[in-house]
Amino acid sequence: MLAGSSAALAHGGADLSQPPGWTLDPWVTLPLGLLALVFIAGQMRLARRSVVKRPFAWQFVAGWTVLTLSLTSPLHEGGERSFALHMTEHELIMLVATLLLVASNAGGILTWGLPLPLRRLIGGSWKSPLSALWKRLTEPLTATVIQAVVMWMWHAPSLFDRALASRSWHIAQHLSFVLASLLFWVAMFRRRHGGYLLSAACLFITSMVEGALGALMALSQSPWYAAYAAMGISGIGLDPTTDQQLAGLIMWIPGGAVHGAAAVWLLYRWLSSEGGRTVHVR
């Protein structure tokens, strides 16, 4: 009886007996839509003010698109029926969407997209302590620890099951993934004296930390999460243990590959930049 009721309904009352559909939660779609409008407004204002044509920040559009599709497409609802699909959603958010958003370097565009009073407020006297906090949070070691803690914490069975059962907890989970990975990628690619050796080391550490969590899932012989275990068969036709093992492989291999490749690239840039003393990105 418990297994049947758990399989029939997802958090928010979605019927799992039906094919997954689009998730148009205003708590998700409205912030994403507002972010897009601010970006468009910033692009238009800068285009009017600039004599020289600025390159279009396609990375921001690509990152926004991946983030939006991850959170609203049938993949999101499918993640309530399959841990492997859920893990795919998380990897798209943390490995693709936020990386592209940071690579776009669109902070200036977004600032210009805000109304004038908000732009003046951002440049106010209170900016200094926030800038100091931002600098501290985006130090490579700090950002690496924050992302690792967020990743391991939310995959603890008690918190993950709570996120599956509650819309508000699920939003909090995804928001923390977005914020932690944004901090992480900013920290990895920020210009600094001494090059990017520390960032490369942090990326290698992250690949091992994420890989260890993925390996534990992939090698486990029993499901960790009660909501998926109660389904009997996941939405992609796998038993809960196999579904979890596939999810672990998705975290272990693509996650390790992306972080490892980024580490190698930064290490190469460090080694090829005047003996590792300076490096310039973009």
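In this predicted model, helix 3 (residues 58–72) packs against helix 5 (residues 83–103) at an angle of about 160 degrees, and their axes lie 7 Å apart. Because angles over 145 degrees count as roughly antiparallel, helix 3 is roughly antiparallel to helix 5. The crossing of helix 3 with helix 5 is left-handed. On the helix 3 side, the contact draws on Gln59, Phe60, Ala62, Gly63, Trp64, Val66, Leu67, Ser70 and Leu71. Helix 5 answers with Glu89, Leu92, Ile93, Val96, Ala97, Leu100, Leu101 and Ala103. By character, the residues of this contact comprise 13 nonpolar, three polar and one charged.

Helix 5 also packs against helix 14 (240–271). Here the angle is about 15 degrees and the axes are 8 Å apart. Since angles under 35 degrees count as roughly parallel, helix 5 runs roughly parallel to helix 14. Helix 5 passes helix 14 in a right-handed crossing. Helix 5 contributes Phe83, Ala84, Met87, Thr88, Glu91 and Leu95 to the contact, while the helix 14 residues include Leu246, Ile250, Met251, Pro254 and Val258. Of the residues in the contact between helix 5 and helix 14, 10 are nonpolar, four polar and two charged.

Attention now turns to the nonpolar cores. In soluble globular proteins, nonpolar side chains tend to be buried together. The largest nonpolar core in this model holds 35 residues, and Leu67, Phe83, Met87 and Tyr228 have the most contacts inside it. Two or more residues each come from helix 2 (26–49), helix 3, helix 5, helix 9 (140–154), helix 10 (157–165), helix 11 (167–189), helix 12 (197–219) and helix 14. Helix 5 is the biggest giver, supplying seven residues to this core. Among the well-connected core residues, Leu67 belongs to the helix 3 side of the contact with helix 5, whereas Phe83 and Met87 belong to the helix 5 side of the contact with helix 14.

Tyr228 deserves a look of its own. Neighbours within four places in sequence aside, Tyr228 touches Gly79, Glu80, Arg81, Ser82, Phe83, His86, Phe160, Leu164 and Pro240. A second core, separate from the largest, has 14 residues, with Ala187, Tyr196, Ala200 and Ala263 among them.

Finally, Ala230 sits in the loop between helix 13 (226–229) and helix 14. Its relative accessibility is 15%, so Ala230 counts as buried, the cut-off being under 20%. Ala230 and Pro240 are separated by 10 residues in sequence and, from C-alpha to C-alpha, by 8.3 Å in space.

Key
Residues are numbered from 1 along each chain as its sequence is written. This is a predicted model: local features need pLDDT of at least 70, side-chain atom pairs count only at pLDDT 80 or more; totals for chains, interfaces and linings use all residues. Side-chain values use heavy atoms; hydrogens and water are left out. Axes are lines fitted to C-alpha atoms, for helices over the stretch in contact, and angles run from 0 to 180 degrees between N-to-C directions. Helices (H or I, at least four residues) and strands (E, at least two) are DSSP runs, numbered from the N terminus. Angles under 35 degrees count as roughly parallel, over 145 as roughly antiparallel, 65 to 115 as roughly perpendicular and the rest as oblique. A crossing is left-handed if the near helix is turned anticlockwise from the far one by less than a right angle, and right-handed if clockwise. Contact means heavy atoms within 4.5 Å. Ala, Val, Leu, Ile, Met, Phe, Trp, Tyr, Cys and Pro count as nonpolar, Asp, Glu, Lys and Arg as charged, and the others, Gly among them, as polar. A nonpolar core is a set of buried Ala, Val, Leu, Ile, Met, Phe, Trp, Tyr and Cys residues joined through side-chain atoms within 4.5 Å. Buried means under 20% relative accessible area, exposed over 50%, partly exposed in between (1.4 Å probe, protein chains only).
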